[in-house]
Every structure is written in structure tokens, then in C-alpha cells.
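Let's take a friendly walk through a protein fold together. Have a look at the picture and its sequence before reading on.

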Amino acid sequence: MHSLARPAHTQHVKTCDKGHRRRCPSRGRIAPAITVAAKDASGTLVSSFTGSVTLAFGTNATGSTLGGTTSVAAVAGVATFSNISLNKAGTGYTLVASSG
């Protein structure tokens, strides 16, 4: 059994609304890309994992819509979500990854 875990670093999410697009050229895209690693029970990366990983809201504080490609195949145990965006600026969002 594999568990999905975020990397050790913290990722701050900055979103933009329509009135601030000049200051936010990514148009609400989360940057850098979100990565999710498949790890075994001891916390070691399972580099043989190539399954599909899906990203969804855990907490959606302001009723935002999650945009971009929300389901990707892992490569060498890591799923990379490079174009995820939110359509409403806010705080209190959490994202969860699942597989299987």
C-alpha cells in the first residue's frame, strides 16, 4: 500500500481576481507547480508508482472552482500538477490528493 504525501516544503498559494490581473500574470494559477509523492509506510519514495493521482478541495472556504488538469499520472512516484488554478481569491483553502 502506498500513501500520498506532499513534499517537505511549504507552498504558499497566491490567487488573483479579475481586478488584479496586471499584478498577477498567472491569472490565479498556483505556482510553483504542486507535486505529490507516493511513499511507503516508512516514508520512502515509491519510484515505481505510476498510477493516476487526483487533486481536489479538502476545504473550500469561498466556494472557488478548481481549474486545470486535476488528474495526472505519476512519473517515478511523483505527480506534478502544473496548471492548477482557483477562480476566487481567498484564504483557508486546502487541497487533497488521492489515488485508486
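## Contacts across the chain

Please keep in mind that this is a predicted model. A good place to begin is with contacts between residues at least 6 apart in sequence: in this protein, 62% of them join residues at least 24 apart.

Which elements make up the chain? The protein has eight strands and zero helices. Reading from the N terminus, the elements run β-β-β-β-β-β-β-β.

## Inside and outside

How much of the protein counts as buried? Of its 100 residues, 27% do. On the outside, the protein exposes about 6200 Å², and carbon and sulfur atoms supply 53% of that area.

## The nonpolar core

In soluble globular proteins, nonpolar side chains tend to be buried together. Here, the largest nonpolar core has 16 residues. The residues with the most contacts inside this core are Ile 34, Phe 49, Val 53, Ala 79, Phe 81 and Ile 84. Three elements, strand S2 (34–39), strand S3 (52–59) and strand S6 (78–81), each give two or more residues to the core. Of these, S2 gives the most, with three residues.

Why is S2 described as largely enclosed by the rest of the structure? Five of the six residues of S2 are buried, and so the strand is largely enclosed. A residue counts as buried when its relative accessible area is under 20%.

## S2 and S6 side by side

Strands of a sheet pair through backbone hydrogen bonds, and they can do so in a parallel or an antiparallel way. S2 and S6 run antiparallel, and four bridges join them. Try finding Ile 34 in your view: its bridge partner in S6 is Phe 81. Both residues also appear in the list of those with the most contacts inside the largest nonpolar core.

## A sheet of three strands

Now turn to S3, which also gives residues to the core. What is the order of the strands in the open sheet that holds S3? The order is S5-S3-S8, three strands with antiparallel pairing. The edge strands are S5 (71–73) and S8 (94–99), and each of them pairs on one side only. On average, neighbouring strands of this sheet are turned by 30° against each other, with direction ignored.

You can look at one pair in detail. Three bridges link S3 and S5 in the antiparallel sense, and Thr 54 stands opposite Ser 71 in S5.

Conventions:
Residues are numbered from 1 along each chain as its sequence is written. This is a predicted model: local features need pLDDT of at least 70, side-chain atom pairs count only at pLDDT 80 or more; totals for chains, interfaces and linings use all residues. Side-chain values use heavy atoms; hydrogens and water are left out. A nonpolar core is a set of buried Ala, Val, Leu, Ile, Met, Phe, Trp, Tyr and Cys residues joined through side-chain atoms within 4.5 Å. Buried means under 20% relative accessible area, exposed over 50%, partly exposed in between (1.4 Å probe, protein chains only). Two strands pair if DSSP finds at least two bridges between them. Axes are lines fitted to C-alpha atoms, for helices over the stretch in contact, and angles run from 0 to 180 degrees between N-to-C directions. Contact means heavy atoms within 4.5 Å. Accessible areas come from the Shrake-Rupley method with a 1.4 Å probe; for residues, only the protein chains shown count as cover.
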